[in-house]
Amino acid sequence: MHTRKVRKNMSDDFLKKRFADLANQSDRTARFTFTDFLTEGEYAEFCTLSSHLTAVGCTVFGGYEDAERVMIRFGSEEYLGYSEAFPIQCVHISPLQEKFGENLSHRDILGAVMHLGIERSSVGDIVVCGKNAYVFCKSELTEYICRELIRIRHTTVRCTITETLPDTAEPKREERSIQVASERIDGVIAKVFHISRGTCAELFRTGKVFVDGMLMENHSRLLKGGEKISVRGYGKFLYVEISGQTRKGNLIAHVEVFV
């Protein structure tokens, strides 16, 4: 346990140094700089450091709205005097023959992409839609993926570069109303994912709960409308508002669960 903690601290320190180096480089060269795709945990580390970075500004994007894995672009049009797009493109993967195509999983597609020798940090979200998938990755890799990725499991596939994620592939949200004693985050999470308070406490203890991309360790914090909560291993939801109260005094909370 102690060894894992030491390794984590070393990894966190390296990541923070990398953020600082990219921000300073943007300031020094008057050019935009970009991170790789970040996990939620890595983005949380950035949030703890962002206020101490040079004032070049930054923007966060993952290729589409509500992306889980994102890049950070250091620099701003106001500060640098010009604009530059994120080096992100989307590869559409579809079966060469629809009727023979398998329903491939996220793991199948990620495994096939990484089998090409591509690092995980160069690949963002993978959105699976039936027999089709959309892979967000660094722009410099899209032509290589389109040329080399021709088969996933038993399915021969075609890869093309697409500009946007189609509406049919956009992550869907399911509206739900739950009854809670208060707006405490642990109670809301327990109700949304149908887990016990003990299980919920373990999620906080092991650093698996994020609010708007930032690691949340305070299990008694009260939620605010519009906050997005992500729980590793369970999913994510948008906390909307309290819409009423039951006769027994419980609150009726409105949430939108990503499905």
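## A tour from lysine 236

Select lysine 236 first: at a relative accessible area of 8%, this residue is buried. The model is predicted.

Now add glutamate 68. Its side chain forms a salt bridge with lysine 236, and the closest N and O atoms are 3.7 Å apart. Glutamate 68 is partly exposed, at 41% relative accessibility. The two sit 168 residues apart: glutamate 68 in the loop between strand 2 (58-61) and strand 3 (71-74), lysine 236 in strand 13.

Next, colour strand 13 (residues 235-245) and strand 14 (residues 251-258). They run antiparallel, joined by seven bridges. Pick glutamine 245; leucine 251 in strand 14 is its bridge partner.

Zoom out to the sheet. It is open, with six strands in the order 9-14-13-12-10-11 and antiparallel pairing. Strand 9 (173-180) and strand 11 (214-215) each have a single partner strand, so one side of each lacks a neighbour in the sheet. Show helix 6 (residues 185-193), which packs on the sheet and touches strands including strand 9 and strand 13. The directions of helix 6 and strand 9 make an angle of about 120°.

Within helix 6, select aspartate 186, which is buried at 6% relative accessibility. What does aspartate 186 form a salt bridge with? The partner is arginine 197, with closest N and O atoms 3.8 Å apart. Arginine 197 lies in helix 7 (residues 197-205), so the pair ties together parts eleven residues apart in sequence. Arginine 197 is partly exposed, with a relative accessible area of 49%.

Last stop: select Asp66, Arg173, Lys228 and Glu256. Salt bridges with shared partners join them into one network. The structure holds 15 salt bridges.

Notes. Residues are numbered from 1 along each chain as its sequence is written. This is a predicted model: local features need pLDDT of at least 70, side-chain atom pairs count only at pLDDT 80 or more; totals for chains, interfaces and linings use all residues. Side-chain values use heavy atoms; hydrogens and water are left out. Two strands pair if DSSP finds at least two bridges between them. Helices (H or I, at least four residues) and strands (E, at least two) are DSSP runs, numbered from the N terminus. Contact means heavy atoms within 4.5 Å. Axes are lines fitted to C-alpha atoms, for helices over the stretch in contact, and angles run from 0 to 180 degrees between N-to-C directions. A salt bridge is a side-chain nitrogen of Lys or Arg within 4 Å of a carboxyl oxygen of Asp or Glu. Buried means under 20% relative accessible area, exposed over 50%, partly exposed in between (1.4 Å probe, protein chains only).
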